[in-house]
Amino acid sequence: MKKLGKILLVSTVVVCMLLAVAITFTIGWRPFLGPKKRALTNRQFERTPERVARGRYLVQGLLNCEVCHSPKDWTQHGAPTLAGKELIGQVLPVAGFPGTIVAPDLTPDPETGSGGWSDDQIARAIREGVKHDDSILFPMMPYSDYKHLSDEDLASVAVYLRSLTPVRNALPPSHINFPVNYLVRGAAEPIFEAVHGPNPSDVMARGKYLVSMGCGCHNIVENLHFAGGERLAGPWGEVTSANITRDASGIGYYTEAAFITALRTGYVGARKLNSIMPFGGFKNLTDDDLKAIYAYLRTMPPVKHRVDNSLPPTYCKLCKQKHGAGDQN
């Protein structure tokens with residue numbers, strides 16, 4: 001009996017060690033320990049007209065906050081925001097989502113919006129993925145991209161949100177099904193150091209900064225850096241994000257003028273882009289910023305990955321899913 005007991009004890013220890021190693025090198029321990037988060041501070045951002053203007057430019061342009069936080073008319077090209085509904089939040093119409101995802105009311109309404117959130121709660125949610133109640137934001141909110149947002153631009157976004165007219169819009173809380181609700185806990189990353197923006201006169205640095213936060217849907221698949229591959233399904237239909245590298249299968253044939261026209265109008269020649277591509281926001285960017293984005297994309301390595309949403313979906317061995325022209329990769 002003693003020998004059997006020792007065997008069982010050793011077996012239990014070995015299984016526990018193997019399980020610990022497996023967890024460490026797969027999902028990690030964050031699903032069990034909870035998200036990483038820093039303590040909130042009492043910082044307040046000075047309200048200035050310059051910050052309001054810069055915040056509006058970012059929210060309505062580069063960051064495209066209205067794509068998720070404003071109800072849209074998906075029957076129209078560009079999916080304009082419904083009048084009077086800017087940033088009031090909504091239950092997101094995302095097909096196949098494991099639960100219900102809600103983009104909250106960002107207006108400063110004290111009951112249903114951001115009116116009761118401190119400046120640092122807003123800042124932490126945007127860049128670090130932790131909500132005002134200390135719970136994790138589902139990473140559909142692209143805080144993994146917004147972590148690059150400079151301290152000054154972050155302050156401008158917060159100040160702009162404070163300047164909005166409060167709109168009461170009661171919404172249900174998000175509900176993420178098990179086990180996804182635990183798995184996403186590892187997505188949050190606290191930021192302790194200052195984040196500086198690029199030198200405005202450095203076109204490439206500015207382009208990199210803009211691309212890092214405005215083109216996330218095109219940079220989802222590992223080893224297909226900015227070559228598309230994210231499946232996007234909703235009231236706009238079902239499409240896959242495109243390759244925006246300079247490869248022939250991407251946008252290598254775009255001139256600067258064609259690129260700017262596409263981001264302002266949602267057309268490439270006579271071809272209409274799907275409205276989930278947020279050209280409704282990108283049209284608000286300055287020519288200089290659009291040119292900086294184009295210039296930086298031209299410096300990135302070309303990646304072969306053809307995506308053509310006008311064709312029937314077929315299996316793609318590169319991104320391991322079905323999309324138009326998938327069988328041509």
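Histidine 323 is buried, with a relative accessible area of 1%. In this predicted model, histidine 323 belongs to strand E10, and that strand is a convenient place to start. E10 spans residues 321-324 and pairs with strand E9, residues 313-316, in the antiparallel sense over 4 bridges. Within this pairing, histidine 323 is the bridge partner of threonine 314. The hairpin has 4 residues between its two strands, and lysine 320 takes a positive phi near 65° there.

The surroundings of histidine 323 can be listed directly. With neighbours within four places in sequence set aside, histidine 323 is in contact with Pro312, Pro313, Thr314 and Cys316, with His305, Arg306 and Val307, and with Thr240 and Asn329. Thr314 thus appears both as a contact of histidine 323 and as its bridge partner. The accessible area of 1% falls under the 20% that limits the buried class, so histidine 323 is counted as buried.

The hairpin is one part of a protein that has 12 helices and 10 strands. The protein has 329 residues, and buried residues make up 44% of them. Taking contacts between residues at least 6 apart in sequence, 59% join residues at least 24 apart.

Salt bridges give another view of how separate parts of the chain meet. The structure holds 16 of them. One joins aspartate 120 to arginine 38, with the closest N and O atoms 2.8 Å apart. Aspartate 120 lies in helix H5 (residues 119-128) and arginine 38 in the loop between helix H2 (30-33) and H3, so this pair ties together parts that are 82 residues apart in sequence. How accessible are the two partners, aspartate 120 and arginine 38? Aspartate 120 has a relative accessible area of 0% and is buried. Arginine 38, at 9% relative accessibility, also counts as buried.

Helix H5 takes part in a further salt bridge, through arginine 124, whose partner is aspartate 134. The closest N and O atoms of arginine 124 and aspartate 134 are 2.6 Å apart. Aspartate 134 sits in the loop between H5 and helix H6 (143-146), 10 residues from arginine 124 in sequence. The two ends of this bridge fall into separate accessibility classes: arginine 124 is buried, with a relative accessible area of 2%, whereas aspartate 134 is partly exposed, with a relative accessible area of 33%.

A third example links two helices. Arginine 206 forms a salt bridge with aspartate 289, the closest N and O atoms being 2.7 Å apart. Arginine 206 is in helix H9 (residues 203-214) and aspartate 289 in helix H12 (residues 287-299), so far as sequence goes 83 residues apart. Both arginine 206 and aspartate 289 are buried. Elsewhere, salt bridges that share partners join Arg38, Arg43, Asp120 and Glu128 into one network; the pair of aspartate 120 and arginine 38 described above belongs to it.

The empty space in the model comes next. Where does the second largest pocket have its centre, judged by the closest lining residues? This pocket has a volume of about 330 Å³. Of the 22 residues that line it, the closest to its centre are Lys72, Gly78, Ala79, Gly280 and Gly281. Helix H3 (49-62), helix H4 (66-69), helix H10 (256-265) and helix H11 (279-282) are the elements that give two or more residues to the lining. H11 gives the most, with 3 residues. By residue class, the lining of this pocket divides into 8 nonpolar, 10 polar and 4 charged.

Enclosed space is counted separately, and the count comes to 1 cavity of 30 Å³ or more. The largest cavity has a volume of about 30 Å³. Its lining consists of Ile244, Thr245, Arg246, Ile251, Tyr294, Leu297 and Arg298. These lining residues divide into 4 nonpolar, 1 polar and 2 charged.

A last residue to locate is tyrosine 182, which is found in helix H8 (residues 180-183). Tyrosine 182 is partly exposed, with a relative accessible area of 35%. From tyrosine 182 to isoleucine 136 the C-alpha to C-alpha distance is 9.6 Å, while the two are 46 residues apart in sequence.

Technical notes: Residues are numbered from 1 along each chain as its sequence is written. This is a predicted model: local features need pLDDT of at least 70, side-chain atom pairs count only at pLDDT 80 or more; totals for chains, interfaces and linings use all residues. Side-chain values use heavy atoms; hydrogens and water are left out. Two strands pair if DSSP finds at least two bridges between them. Buried means under 20% relative accessible area, exposed over 50%, partly exposed in between (1.4 Å probe, protein chains only). Contact means heavy atoms within 4.5 Å. On a 1 Å grid over the protein atoms alone, a cavity is a set of points where a 1.4 Å probe fits but cannot get out, and a pocket is an open set with protein on both sides within 12 Å along at least five of seven lines; lining residues have an atom within 4 Å of a point. Grid points are joined across faces, edges and corners, and a volume is the space filled by probe spheres set on the points. Ala, Val, Leu, Ile, Met, Phe, Trp, Tyr, Cys and Pro count as nonpolar, Asp, Glu, Lys and Arg as charged, and the others, Gly among them, as polar. A salt bridge is a side-chain nitrogen of Lys or Arg within 4 Å of a carboxyl oxygen of Asp or Glu.
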